[in-house]
Amino acid sequence: MSPFAYVAVGRPVRGEFTYAVPEALRGKLQPGQRIRVPFGRSISLGFYLAPAPEPSPEVIKKLRPIERILDPEPAFPADIVELVRFAAQHYRYPLGEALRAALPPGLTKADDGKQAKADVTVFARALPAAKLEELTRAPAQHATLSYLLAVGGRVQVEEVVHAIPGAKENLKKLAARGFVALEEEQVVKGVREGLQQSRPDALTPEQAIAVDTLTKSLDAGGFAPFLLHGVTGSGKTEVYLRLVERALELGKGALILVPEIALTPQLVGRFKSRFGQVALFHSAMKDRERLLHWQRLRKGEVKLAVGVRSAIWAPVPNLGVVVVDEEHDPSFKQEEKLRYQARDLAVVRAKQAGALVVLGSATPSLESWENARKGRYGLVTMTRRVDDRPMPTLELVDLRLERPRTAESRGTEPPMLSPSLRTAIAQTLERKQQVILFLNRRGHSTFIVCEVCGQSVRCQDCDVCLTHHASARQMQCHYCGKASPMPRACPECSGPLLELGVGTERIEAEVVDAFPHARIARLDRDAASSAEKLTEMLAAFARRELDILVGTQMVAKGHDFPGVTLVCVVMADSALTLPDFRAGERTFHLLTQVAGRAGRGKDPGRVLVQSYNPEAAPIARMLTNDYARFSEEELKRRQQLSWPPHSRMVALRIEGESADLVTRVARQLARVAAQHLPPASQGVRILGPAPAPIARIKGKTRWQLVLKAPTHAAMFRTIDALERAIEEVPNAVRVIIDVDPAAML
Ligand code: ADP
Ligand code: ZN
Ligand code: ZN
């Protein structure tokens, strides 16, 4: 056993470090193990990677020893270490930090780590013996007991702690006095289970072919990437379920990645009722729940994991199949720290594990579509809905002709709901069926402008317009979250304000006005402020306790509501003009997905799309349900401009308080890039530096520098040089490297 070890340190520092292995630890180190190491002036969490060769004598003199091994069994299985290593390299992020970020909470500090036990919640209950008057000399305990009595005598300890800092200690003291009992209670873990669905006996002919093709690859073993292109309602989930069944039969593990919003009780229920044990990973889970689920996988007690993008790091044992559902969804890209794309890593992970990977969508990303076209991925297609239910009919409502022009009152726009929309909604309600109204903007009005001087009301810290939220009686900035009261008149000239740009709140108000007897709810980030509320609203809609749901893209994702027969896109154009080369693709995806919510039950569906730009390709192709033609044209356009997937991109995001300094750093980095370009034949191009489309957020000036090349490898040298240059950038400016960036704003 080598007395030297390669170690990754769980700090934002680049590179691997060599440490000395003390006699007592030799032969005990395993790759992926968490260790304690001295680093700088403190102690840090580290990860043992591999034995290191003997360094030079001068280096040996300065080597520091590993202090201690933190877990007897490595926290990471070898395959996850390999995956994180790939991600750290590809996304240019320090390996130790990346490893730390891949661990569940509870294992991320330089200690032995928590052992998550059965999932219990502690309640505090006031006992009959409790007497407030005996606590006059203990004001803190008095306050705690008063709170407890005020909320009914029994409540979760966590809630008391939230209300009264330091309540935990007080409760212990109160318990010692015999005033309070602390009671442990088992709680249901994770997302609440949805309706139990039975396993259909017969697959549709297309499902049967899909399952057959994919199962053959699974049985054969080895890396096999597939794109499953199945129209909305074609029964993709059942295909995934069958693959998981087969993998488990073979003694293999399965990993299912879904977008955050799709991880509803409905989907979880389908997996749980079929397989019993499922490890779940999503953002609404408590830390110890996540740790518990992670440990169950690690111990091999559970072999199936279902989760959002971070589940890509789940230690599924003996991986047989990876599924990425709704693979086009932007939520698979992490937009902070290690900026990974979980869909891409799913393919890498499957390749490393020799597993089947299935990317499923009704509207595949152009990246995956191109891979399938070029034969790099197998393609399985499902063109029909389950039970041969018809696809919904798609109809255009041309707002240029159909939007009423008479303003009902001064200071507002004419209504957004055209007569055709109103008629369709009324007919649907009459038939006791459900309606979804989709608009991708929150708030009441998204653009407030003075009728006299023309000034728009903007955020002082961000380069964006403020949104009026009527229910909260505020104007809010959607970038920094700052809120202020809605002014009665123009702050500049006291002129009257005009509210333009429609948001979901205003649509809700219009619908309530037009259909006073309908049961209506709004589903957006304001109304569904927590995971519980979101779950409850979706469940209420599924139980048909609501007639109309007005919402943002939250209503567009994978939901299966058989009662919905009418979907209205209130304004298809809202995302079309964003200064991002993917704006068209996003619009097409979103519209197709939301249209796909209609007619999933026994009654046929109808989709009305209101637009000012019906000739724009994403809207025109969506209206003819022509994914193939849209992708064909969009790929051609991207090729002409050499945008991804016809090129690879790396974006540098440069931001800081001082506009001058940010500008200077951006220009300096651009010079560095220019000096370190490979020969022109490699095709690396520099775009910018230029102010970002949103040039200021939270008071910080933002610039971008973008590299574009036919391959990642062509850019390596340039990025290496940029990385070195970034280390010299003053602390007042932050520079982030975003490899394969998703959003260009
Ligand atoms: P997709 O994800 O492709 O939009 P889903 O997987 O949600 O579609 O399936 C749509 C509906 O069809 C669901 O209610 C599902 O339970 C049902 N379903 C799927 N496969 C079958 C089948 N073979 N027989 C009957 N019903 C099915
Ligand atoms: Zn004004
Ligand atoms: Zn702001």
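Student: How are the donor residues of the zinc ion (ligand 2) spaced in sequence?

Tutor: Happy to start there, keeping in mind that this is a predicted model. The protein donors of this zinc ion (ligand 2) are Cys450, Cys453, Cys490 and Cys493, each through SG. Written along the sequence, their spacing is C-x2-C-x36-C-x2-C.

Student: Which geometry does the site of the zinc ion (ligand 2) have?

Tutor: The SG atoms of its four cysteines lie 2.3 to 2.4 Å from the zinc ion (ligand 2). The angles among the four donor atoms run from 100 to 115 degrees. Four donors count as tetrahedral if all angles lie between 85 and 135 degrees, so the site of the zinc ion (ligand 2) is tetrahedral.

Student: What is the sequence spacing of the donor residues of the zinc ion (ligand 3)?

Tutor: Here the coordinating atoms are the SG atoms of Cys459, Cys462, Cys477 and Cys480, at 2.2 to 2.3 Å. Their angles of 105 to 112 degrees make the site of the zinc ion (ligand 3) tetrahedral. In sequence these donors follow C-x2-C-x14-C-x2-C.

Student: Which residues of domain 5 lose the most area to domain 6?

Tutor: Let's set the scene: the domain assignment gives domain 5 as 447-500 and domain 6 as 648-739. About 570 Å² is buried between domain 5 and domain 6, with 58% of that area from carbon and sulfur atoms. On the side of domain 5, three residues together account for 67% of what is buried, and they are Asp461, Asp463 and Tyr479.

Student: How do the residues on the side of domain 5 that touches domain 6 divide by type?

Tutor: Seven residues of domain 5 are in contact with eight residues of domain 6. Sorted by type, the domain 5 side divides into four nonpolar, one polar and two charged.

Student: How many residue pairs are in polar contact across the interface of domain 5 and domain 6?

Tutor: A good thing to ask alongside salt bridges, for which the count between domain 5 and domain 6 is zero. For polar contacts, with both residues at pLDDT 80 or more, the number of residue pairs across this interface is four.

Definitions and conventions. Residues are numbered from 1 along each chain as its sequence is written. Chains are lettered from A and ligands numbered from 1 in the order in which they are written. This is a predicted model: local features need pLDDT of at least 70, side-chain atom pairs count only at pLDDT 80 or more; totals for chains, interfaces and linings use all residues. Side-chain values use heavy atoms; hydrogens and water are left out. Domain bounds come from an automatic or database domain assignment. Contact means heavy atoms within 4.5 Å. Buried area is the accessible area (1.4 Å probe) that two parts lose on being put together, summed over both. A salt bridge is a side-chain nitrogen of Lys or Arg within 4 Å of a carboxyl oxygen of Asp or Glu. A polar contact is a pair of N or O atoms within 3.5 Å; within protein, one must be able to donate a hydrogen and the other to accept it, and residues adjacent in sequence count only if both atoms are side-chain atoms. Ala, Val, Leu, Ile, Met, Phe, Trp, Tyr, Cys and Pro count as nonpolar, Asp, Glu, Lys and Arg as charged, and the others, Gly among them, as polar. Donors are N, O and S atoms within 2.8 Å of the metal (3.2 Å for Na, K and Ca); water is not among the atoms, so sites may look incomplete. Four donors count as tetrahedral if all angles lie between 85 and 135 degrees; four count as square planar and six as octahedral if opposite donors are over 155 degrees apart and all others between 65 and 115; anything else is irregular.
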